[in-house]
Structures are given as structure tokens and as C-alpha cells.
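Here are my notes on the model, jotted down point by point. Have the structure open while you read, since I hop around a bit.

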Amino acid sequence: MKLYSLLFSLIAGSFLLTWGEISFPSPEDAVKTDISAQSILEKADEIRFPRESFQVNVAIRTSSPDHAEDLYRYQVLSKGNENSIVRITEPASERGQTILMKGRDLWIFMPSVSQPIRLSLSQRLTGQVANGDIARANFTGDYHPQLLRDESIDGEDYHVLELIGVDRSVTYQKVLLWVNQSSFRPYKAEFYSVSGRLLKTSRYENFDDILGEMRPTRIVMEDALKSDEISILDYSDMKLRDLPDKIFTKDYLKRLE
């Protein structure tokens, strides 16, 4: 019996020692991971666009082998990433059309129609660009972020975030976003449908010192199935602007100067 007791004690002691060496993530560690992902996303959003009210011009060129290049120009007024007005300035045939975004609700006003028409953020605006890509550039408010991994590309280190939509009203149900670890500049993104299908990719390019931050002035969007179909968004003349709440209403659309 003494021999069995001794063996049992040795086995039990070895088990406890091994078990004690195993480390499990505490709830605090899990919270730290979530906060880190959220912080990374917030910093990347602040680089993409300022938090203050601003105005910016956007030119979108779409090219494909089967069609001549399309050119659209827009003026965007944005306040707090929750309210936006997008006015079409070119082509002349569509000039005067205005898109209003409040939260994640979207309407388009056309001079030939008496009442604004409801739109979805995911509906295509032109080329590879959805309404939400230009009217609501707010990853922080639309997605729950998780830090998937770190990755090195061409000698630069990036955080890879997985963004899951807060609900079905967001522009894309899932986004993978690469963010530079040292500067927090967005590098590229992949956009996915509800079924998990890759829809398109985008690259953030031509960073310039704008309103005190190095911001991307070009976004290149490429169709995931047709790699030769590309839309290029060029941002220019970004400036801060005082925008009263009253202009972000359906009744005010006709009176915009």
C-alpha cells in the first residue's frame, strides 16, 4: 500500500506541476485585446478623415477593357461621420443630384422627382464604388473589430483587423483592414458579402499632409472577380467647414447652394 500511495503522490504532484505551468488568458487579457483592436481602428479612421466637419472634392474614374473610362465628380460635406451630403458635379447630365446620409439612412434627391428616394449603403454608386464608400467612411461606428494577426509586407509591419458589421444595414458585412503598426495608416482592405464572398479590394495611396495629418488622397478599388475593372477615387481640396445641422435634412436639399 505504501508503494501505491507513493506512486499516486508522485503522479498527482507531476499533474499539478504540469497544470500549473499552463497559462490561460484572463478576462482582463481578452478585454485588452478588444481595446487594442478598437484603438487601432479609431486611429486609422482619424487618419482617413478628420473628426471635425469638413468639405472635400472626390473624382472617381472607372476603367475596364470593355468600356470607355467613366468620370464622376462629387462634393462631399461631412459632419461627425454620421451626417453627410454628396453632391454630383459631373457629368453635367446628373448635376444637381444630391445624396443625404443621416446615421446609416440614405436618400437621393433628383430635381425631376418631387420626393427623395431611399437608398442602401451597399448599393453601387458608380464602378466599384458603393454609396457607403463615399457617403459614410466610418469603420469605427459600423464594425466590431478584432485583431486577427500581424503581418509584414515589403519590410513594413501591419496589424490585420477583421471588422464585422454591427447589423445588416452597413455597407459590407465583413472587412479585413491592414493598418501600419507604427503610423496607423490604412494600407489596404478587403470587402466581403454576407455569404463570405470577396467582393473587392482597395489600396490607400498618395499620402499627403492635409489638415495636420498624413492622409491618403487616393483609393484604388478593384473588383475581386474581374481584376481589370478598377475605380480610382482621388480626394482634393479638403478643408474644415462649419456645417449647421439644419442642412442635413431632406427638406433642405433643394436649397443647397
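1. Let's start with a salt bridge: the side chains of lysine 226 and glutamate 229 meet with N and O 4.0 Å apart. Lysine 226 itself is partly exposed, with a relative accessibility of 47%. Keep in mind throughout that this is a predicted model.

2. Now the overall picture. The protein chain has four helices and 15 strands. It runs to 257 residues, and 42% of them count as buried. The accessible surface comes to about 14,400 Å², with 51% of that belonging to carbon and sulfur atoms. As for contacts in the chain with a separation of 6 or more, 44% of them come from residues 24 or more positions apart.

3. Back to charges. Side chains of opposite charge can pair when their charged atoms come close. How many salt bridges are there in this model? The count comes to 17. One of them joins aspartate 45 to arginine 48, with the closest N and O atoms 2.6 Å apart. These two are three residues apart in helix α2 (residues 27-48), which means about one helical turn separates them.

4. Are the two partners in that α2 pair buried or exposed? Aspartate 45 is buried, at 8% relative accessible area, and arginine 48 is buried too, at 7%. Arginine 48 also has an aromatic partner: its charged end sits over the ring of phenylalanine 139, 4.2 Å from the ring centre. So if you click on one arginine, try this one: it has the salt bridge to aspartate 45 and, because of where its charged end sits, the ring of phenylalanine 139 as well.

5. Another salt bridge worth a look links glutamate 82 and arginine 136, at 3.2 Å from N to O. Glutamate 82 lies in the loop between β2 and β3 (83-90), while arginine 136 is in the loop between α3 (131-135) and α4 (139-142), so the pair ties together parts that are 54 residues apart in sequence. The two ends differ in cover: glutamate 82 is partly exposed at 33%, whereas arginine 136 is buried at 4%. Both belong to a network of salt bridges that links Glu82, Arg104, Arg136, Asp142 and Asp167.

6. On to the rings. The structure holds six aromatic pairs. In one of them, the ring centres of tyrosine 172 and phenylalanine 191 are 4.5 Å apart and the planes meet at 40°, so this pair is tilted. Tyrosine 172 lies in the loop between β10 (156-165) and β11 (174-180), and phenylalanine 191 is in strand β12 (residues 186-192), so the contact ties together parts 19 residues apart in sequence.

7. Both members of that tilted pair are under cover: tyrosine 172 is buried with a relative accessible area of 6%, and phenylalanine 191 is buried at 2%. Phenylalanine 191 has a charged partner as well, since the charged end of lysine 200 sits over its ring, 6.0 Å from the centre. Elsewhere, Phe49, Phe54 and Tyr235 form one aromatic cluster.

8. Strand β10 deserves its own point. Seven of its ten residues are buried, so call it mostly covered. What does β10 pair with? It pairs with strand β9 (residues 143-153) in the antiparallel sense over ten bridges, and with β11, again antiparallel, over seven bridges.

9. Histidine 159 in β10 is a handy marker for this part of the sheet. Aspartate 150 stands opposite histidine 159, and in β11 the bridge partner of histidine 159 is valine 179. The hairpin of β9 and β10 has two residues between the strands, and there aspartate 154 takes a positive phi near 50°.

10. Last, serine 78, which you'll find in strand β2 (residues 67-79). Serine 78 is buried, at 5% relative accessibility. Which residues does serine 78 touch, leaving aside its neighbours within four places in sequence? They are Glu52, Ser53, Phe54, Asn83, Ser84 and Leu243. Phe54 is a name you have met already, as part of the aromatic cluster with Phe49 and Tyr235.

Conventions:
Residues are numbered from 1 along each chain as its sequence is written. This is a predicted model: local features need pLDDT of at least 70, side-chain atom pairs count only at pLDDT 80 or more; totals for chains, interfaces and linings use all residues. Side-chain values use heavy atoms; hydrogens and water are left out. Rings of Phe, Tyr and Trp (its six-membered ring) pair if their centres lie within 6.5 Å; planes under 30 degrees apart count as stacked, over 60 as edge-to-face and the rest as tilted. Buried means under 20% relative accessible area, exposed over 50%, partly exposed in between (1.4 Å probe, protein chains only). A charge sits over a ring if NZ of Lys or CZ of Arg is within 6 Å of the ring centre and within 35 degrees of the ring normal. Two strands pair if DSSP finds at least two bridges between them. Contact means heavy atoms within 4.5 Å. Accessible areas come from the Shrake-Rupley method with a 1.4 Å probe; for residues, only the protein chains shown count as cover.
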